[in-house]
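Biologist: I am new to this structure, and I would like a close look at a single part of it. Please begin with the whole, so that I can place the part, and then go through it slowly.

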Amino acid sequence: MPFHRPSTTAVSLLALSAALGLAGCQPSSQSEQTTQESATTEPVFVDLPEAATADPDNWPAIAPLPLDPEIEARIDEILVLMTVEQKVGQTIQADSGSVTAEEVRDYRLGSVLSGGNSAPGPRPYADAESWLAAADAYFNASIDPEGVEIAIPMIWGIDAVHGHANLRGAVVFPHNIGLGAANNPDLIEDIYRITARELSVSGHDWTFAPTLAVPRDDRWGRTYEGFSEDPDIVRAYGERIVWGLQGRPGTDEFMATGRVISSAKHFLADGGTVDGRDQGDAQISEAELRDIHAQGYYTAIPAGVQTVMASFSGWNGVRMHGNHSLLNDVLKDRMGFTGFVVGDWNGHGLVAGCTATDCPESFNAGVDMYMAPDSWRELYDSTLEHVRAGRISMDRLDDAVRRILRVKIQSGLFEQVAPSQRPLANDTSVLAADEHRAVARQAVRESLVLLKNQDNLLPLDPGLTVLVVGDGADHIGKASGGWTLSWQGGDYPNEEFPAGQTILDGIREVVEAAGGRVIFDPEGDETHDADAVIAVYGENPYAEFQGDREHLDFVPNGFDTERLELLASQGTPVVSVFLSGRPLWTNPEINDSDAFIAAWLPGTEGGGIADMLFRTEPDYDFTGRLSFSWPASAVSAPVNRGDADYAPLFAYGYGLSYGDIEDVASLSEVSGLSAEDLAPSGAFYRLGQSVAPWSVQTGVAGQWSDAPEDRFETETLTLARTDRTAQEDSLHFIWREAGAGVRLSTSEPHDLSREANGAMEISFRARGFNSRDTWVEVGMSCHSGEECSHFVPVRITQGPWQEYRVSLSCFTQAGVDLTNTEAAFILRSNEDDGEIGLGDIVLASDTDAAQTCGDTP
């Protein structure tokens with residue numbers, strides 16, 4: 001059947017304009033003038049080496065879904081009315097934190113996205129009413145008819161990767177790594193159907209899902225966004241997720257009420273980079289690229305996925321955003337993809353010869369819509385110039401705009417009213433509805449993998465006295481991981497999940513109903529008379545490159561897992577519920593546990609954990625099986641089924657059920673890491689976050705207070721995020737009066753005297769956003785008071801990012817006691833009205849042995 005909503009009919013040119021109220025007032029001479037100015041320069045492409053050039057004949061041919069002739073005719077009518085300027089605007093997507101509704105109208109932008117920290121209001125997440133107010137403003141601006149013959153409605157995208165987790169009150173499902181362990185395609189379609197309904201409450205049209213990555217190195221910080229190291233599960237899930245979000249094409253459910261546009265990502269091999277580096281390079285054969293990393297697209301494309309997101313990563317040295325052979329020849333031509341390709345967050349700027357504000361090569365390679373969150377204005381200007389000069393041909397521009405319009409029409413966007421007036425809008429009864437929570441709780445149960453159950457300890461008797469320990473038990477944010485309320489996730493109070501249930505409360509509900517007793521001692525450092533211990537602990541939240549790791553050793557945080565050995569030595573059986581976004585080397589913790597559950601990142605339905613600890617229903621059983629191999633040592637990455645030297649601790653597909661008799665022998669506690677591997681990195685702030693024990697503070701005239709690192713604003717200063725080499729990896733510091741500052745401090749004294757004696761320097765990256773150079777002061781302080789501080793002048797130059805250095809010896813010679821360090825880095829203004837970017841604050845070796853104590857004003 002034709003791939004469109006059954007209600008869509010051909011609309012005459014006059015009727016189309018009338019229906020939208022878009023009376024023409026844009027003189028046709030503007031379009032003609034632009035065409036006349038166009039030069040005959042050849043379009044520019046990235047020069048692809050043979051190793052990064054795909055041969056389409058080597059790839060499966062997918063018959064494209066039939067195009068609806070009525071829709072194609074309607075596109076023809078619209079294209080005639082659009083100026084070149086409008087067409088370029090349609091190819092640009094800006095972030096809601098960097099664009100106003102008026103700018104959407106003035107530039108006729110095709111889309112707005114909300115990045116993980118870009119919700120309306122002061123927080124990185126918002127309620128439905130706030131989201132809808134912003135959605136209305138953008139949508140109404142986009143269809144404003146003033147100055148154009150036809151206005152094109154914009155689409156609003158967001159990363160709802162495990163539920164609509166930037167909307168307060170929405171259900172947060174287990175992350176994909178757990179859903180892969182569940183291996184249930186019916187369940188996955190239900191999860192994404194529910195996600196689409198909850199997205200409709202806030203007025204969003206588009207989610208950047210499904211993630212079809214096949215992570216092959218668990219050190220990658222996005223491992224938990226993948227379903228499996230093996231493509232079989234990914235392939236089975238691809239079509240079902242698309243159907244859940246969009247509905248099945250050719251049926252009444254396609255893009256009907258409660259459905260949203262989906263985006264398969266990231267094309268291609270983001271999970272195959274060397275050492276698991278985010279935004280890295282996949283140095284693999286074309287056969288591996290095709291047979292492992294593309295499998296999910298072979299089902300998602302026939303299922304009707306309307307957009308595909310290009311990957312940050314590269315293949316054999318060439319960035320995907322610039323690889324014409326893959327984006328155009330393989331994806332669009334060979335695999336029959338008729339929707340549009342959207343870039344990732346300034347990913348076009350990584351292409352050789354490009355910047356975030358200028359990259360015709362990426363557009364010519366096949367990216368139809370640039371994701372240009374904060375670079376969109378300059379990118380619009382440069383793209384328009386390239387079209388006029390012929391470096392981007394009119395045929396290529398029209399092809400991209402046709403694809404964008406096709407998706408908008410197929411999705412019914414041209415017939416939509418303002419977001420707040422649509423069905424389900426602001427209907428908060430939809431959020432965390434009983435059915436939604438029941439599906440999420442089922443997903444938790446089915447995602448759990450039982451790795452150890454010595455002497456069949458589980459299920460526990462709920463009538464016993466149970467001691468619960470660990471920082472993950474009463475912390476929904478930790479149990480949910482990254483991409484929860486904010487991009488990196490975080491230490492949000494449970495009250496910010498009004499429909500959620502902690503793991504602790506789930507346990508209490510079951511145990512107390514059975515007449516048992518729960519004792520909660522998060523530190524586990526007191527003696528209690530209990531029949532069993534349940535320890536809930538694991539990784540803290542992270543996302544993307546900030547989660548990249550050098551090794552797979554679990555480094556305890558928030559709960560000292562050495563307490564497990566003491567608890568076990570007292571004769572009390574111990575059950576570990578391990579929260580993580582990847583398999584980790586946890587041999588000591590497994591040894592100290594009688595039962596060990598890989599719980600992954602289960603989300604807001606903590607009761608699903610209790611269901612399996614106590615078997616609350618007779619038909620419940622552990623059905624989750626490892627979709628990622630579990631490492632035998634901390635340095636055994638990568639380890640994947642099918643490897644020639646495959647030797648995991650627990651193999652792919654492993655998992656116990658209640659009745660299985662398979663005791664785990666005592667495991668080696670030699671991690672394989674050297675002392676050097678475990679040594680502190682000497683970093684204070686890197687990859688967009690402070691490094692423990694240091695935390696960010698802001699202040700004026702020496703009065704300091706803790707500041708959220710995503711955004712903080714007072715009358716005198718603003719602290720936000722900006723991009724240097726990756727998304728939001730640096731601080732954006734704006735001040736309005738002299739004396740304002742930002743620092744990295746610790747409440748407990750920290751000894752940096754050894755580093756000072758070792759000729760170390762503080763290194764940091766900075767750039768000035770003002771039109772002039774900016775003088776600041778860089779300092780350090782100790783816990784002995786204001787007299788124990790020292791500052792040196794530094795000139796931050798206007799323009800690109802640069803490295804700046806100050807020797808630690810400058811501060812010790814001035815009397816700062818670095819055995820008692822309070823602030824390892826302070827930057828304060830000495831003039832009004834300044835704006836700088838600041839990132840990668842680390843200790844570095846002084847290679848030239850010359851003391852650097854600032855600049856001369």
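Modeller: In the chain, 78% of the contacts with a separation of 6 or more are between residues 24 or more positions apart, a contact being heavy atoms within 4.5 Å. The model is a predicted one, in which local features need pLDDT of at least 70 and side-chain atom pairs count only at pLDDT 80 or more, while totals for chains, interfaces and linings use all residues. Residues are numbered from 1 along each chain as its sequence is written, and side-chain values use heavy atoms, with hydrogens and water left out.

The chain holds 24 helices and 31 strands, which are DSSP runs numbered from the N terminus (helices are H or I with at least four residues, strands are E with at least two). Its radius of gyration is 28 Å, which agrees with the value near 29 Å for a compact globule of 857 residues; the radius is taken over C-alpha atoms, and the globule rule is 2.2 Å times the number of residues to the power 0.38. Along the principal axes, the C-alpha atoms fill a box of roughly 85 × 75 × 50 Å. Of the 857 residues, 62% count as buried, where buried means under 20% relative accessible area, exposed means over 50%, and partly exposed lies in between, with a 1.4 Å probe and protein chains only.

The part I have chosen is strand 5 together with the loop that follows, and I will start at the strand. Strand 5 covers residues 263-267, and histidine 266 is found in it. The peptide bond that leads from lysine 265 to histidine 266 is cis, with omega near -10°. This deserves a second look, because most peptide bonds are trans. For another case elsewhere in the chain, the bond from alanine 637 to proline 638 is also cis, with omega near -5°, and proline 638 has its place in the loop between helix 21 (607-614) and helix 22 (675-678).

Going on from strand 5, we come to the loop between strand 5 and strand 6, where leucine 268 is found. Leucine 268 has a relative accessible area of 0%, and therefore it is buried. Leaving aside residues up to four places away in sequence, leucine 268 touches Trp59, Leu289, His293, Ala294, Tyr297, Ser311, Ser313 and Met320. Arginine 334 is 66 residues from leucine 268 along the chain, and their C-alpha atoms are separated by 15 Å.

The loop between strand 5 and strand 6 (281-282) also contains aspartate 278. Aspartate 278 is buried too, since its relative accessible area is 13%. With residues up to four places away in sequence again left out, its contacts are Trp220, Arg222, Glu544, Phe545 and Asp548. One of these partners, arginine 222, is 56 residues away in sequence, yet the two C-alpha atoms are 7.7 Å apart in space.

For comparison with this loop, two residues in other loops are useful to examine. Tryptophan 483, which is not a glycine, has a positive phi of about 55°, and its place is in the loop between helix 17 (476-480) and helix 18 (503-513). Aspartate 833 likewise has a positive phi of about 55° without being a glycine, and it is found in the loop between strand 30 (821-829) and strand 31 (834-845). Most residues other than glycine have a negative phi. In their surroundings the two can be told apart: tryptophan 483 counts as buried because its relative accessibility is 3%, whereas aspartate 833, at 45%, counts as partly exposed.

A last comparison is with strand 16 (residues 574-579), which is largely enclosed by the rest of the structure, because six of its six residues are buried. Val574, Ser576 and Phe578 on one side are buried, and so are Val575, Val577 and Leu579 on the other. In a regular strand the side chains alternate between the two faces of the sheet. Strand 16 runs parallel to strand 15 (residues 532-538), and six bridges join the two; strands are said to pair if DSSP finds at least two bridges between them. In this pairing, serine 576 of strand 16 is the bridge partner of alanine 535.
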